[in-house]
Amino acid sequence: MSIFHFFRKNSHNANNFCCDKVDYYWDIAIETFCKIHNKEMSNFDPENLNEDEENIIWEYAGNHIAFFLIWAFQNQIGDEEMFEEEELQLLRREEISGTEFVMEYCDGKFYSDLIKATYRSFLEDYYMRKYMQDYSAFVENELEGIVFGIRFSWEIYHKFAPVLDRAYSEYVHI
């Protein structure tokens, strides 16, 4: 199954966006971790991961969600009423990584309620249909990386944000 079919199957129902969860990508992130770190998948036991390795895998699995949510909050599309002001300030000041934000304050889940109601049509149109294509192209072409094999960094996020800016601009000008 391609990454795009996997993403669509796990992120929404047939009519509209429901949620996306870091858990959905755990298995593919483990496979990527093994590939990057030269570990044989057939002999790999996730129960033997140390805390650092487990955190890396969660980052691999949740980075795409983190990028979108950060962009949404930086562009006043995210529903700030869902969070404490201090939580959002940590994100705005870049004192917490995007994946830490997703894991700690969103419980690894991205529900449509995290986006203001007036912007959910963009979420449903873009995030469900085109986002993973744009994210994958960026990771593979700009970073020469593996889609579920990059760790969060603010530097990479800032390189990716213009992709989301363009997508939103195109969406509002349709």
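Here is a quick tour of a predicted model, going from a bent helix to a pocket and then to a few single residues.

**The bent helix**

Let's start with helix 3, which runs over residues 51-74. Its 24 residues leave the end C-alpha atoms only 30 Å apart, while a straight helix would reach 34 Å at 1.5 Å a residue. Where does helix 3 bend? Look at glycine 62: the helix turns there by about 55°.

Helix 3 is also well wrapped up. Of its 24 residues, 19 are buried, so the rest of the structure largely encloses it.

Both ends have something to look at. At the N-terminal end, asparagine 50 acts as a cap, with a side-chain oxygen 3.0 Å from the backbone nitrogen of aspartate 52. Just past the other end of the helix comes glutamine 76, with a positive phi of about 55°. We'll come back to that residue below.

**The largest pocket**

Next, find the largest pocket, with a volume of about 270 Å³. It has 14 lining residues, and those nearest its centre are Tyr126, Lys130, Asp134, Ala167 and Glu170. Three elements give two or more residues each to this lining: helix 6 (120-129), helix 7 (131-142) and helix 8 (154-172). Which helix gives the most? That's helix 8, with five residues.

What kinds of residue make up the lining? Eight are nonpolar and six are charged, with no polar ones.

Helix 7 deserves a second look. Its 12 residues reach 16 Å from first C-alpha to last, close to the 16 Å expected at 1.5 Å a residue. Its buried residues are Tyr131, Met132, Asp134, Tyr135, Ser136, Phe138 and Val139. Asp134 thus turns up twice, as a buried residue of helix 7 and as one of the residues nearest the pocket centre. Just after helix 7, glutamate 144 takes a positive phi of about 50°.

Helix 6, another contributor to the lining, is home to serine 121. This serine is partly exposed, with a relative accessible area of 37%. Serine 121 and asparagine 16 are 105 residues apart in sequence, yet their C-alpha atoms are 8.9 Å apart in space.

**Positive phi in the loops**

Most residues other than glycine have a negative phi, which makes a positive value worth a glance. Two loop residues are set side by side here.

| Residue | Phi | Place | Relative accessibility |
|---|---|---|---|
| Glutamine 76 | about 55° | loop between helix 3 and helix 4 (85-92) | 45%, partly exposed |
| Aspartate 107 | near 55° | loop between helix 5 (98-105) and strand 2 (109-111) | 53%, exposed |

The cut-off for exposed is over 50%. Glutamine 76, at 45%, therefore counts as partly exposed, whereas aspartate 107, at 53%, counts as exposed.

**A buried threonine**

One last stop is threonine 32, in helix 2 (residues 26-36). Is threonine 32 buried or exposed? Its relative accessible area is 7%, so it counts as buried. What does its side chain reach? The partner is the backbone oxygen of isoleucine 28, at 2.9 Å. As background, an α-helix has 3.6 residues a turn, so residues three or four places apart point the same way.

Conventions. Residues are numbered from 1 along each chain as its sequence is written. This is a predicted model: local features need pLDDT of at least 70, side-chain atom pairs count only at pLDDT 80 or more; totals for chains, interfaces and linings use all residues. Side-chain values use heavy atoms; hydrogens and water are left out. On a 1 Å grid over the protein atoms alone, a cavity is a set of points where a 1.4 Å probe fits but cannot get out, and a pocket is an open set with protein on both sides within 12 Å along at least five of seven lines; lining residues have an atom within 4 Å of a point. Grid points are joined across faces, edges and corners, and a volume is the space filled by probe spheres set on the points. Helices (H or I, at least four residues) and strands (E, at least two) are DSSP runs, numbered from the N terminus. Ala, Val, Leu, Ile, Met, Phe, Trp, Tyr, Cys and Pro count as nonpolar, Asp, Glu, Lys and Arg as charged, and the others, Gly among them, as polar. The expected span of a helix is 1.5 Å times one less than its number of residues. The bend at a residue is the angle between axes fitted to the seven residues ending there and the seven starting there. Buried means under 20% relative accessible area, exposed over 50%, partly exposed in between (1.4 Å probe, protein chains only). A polar contact is a pair of N or O atoms within 3.5 Å; within protein, one must be able to donate a hydrogen and the other to accept it, and residues adjacent in sequence count only if both atoms are side-chain atoms.
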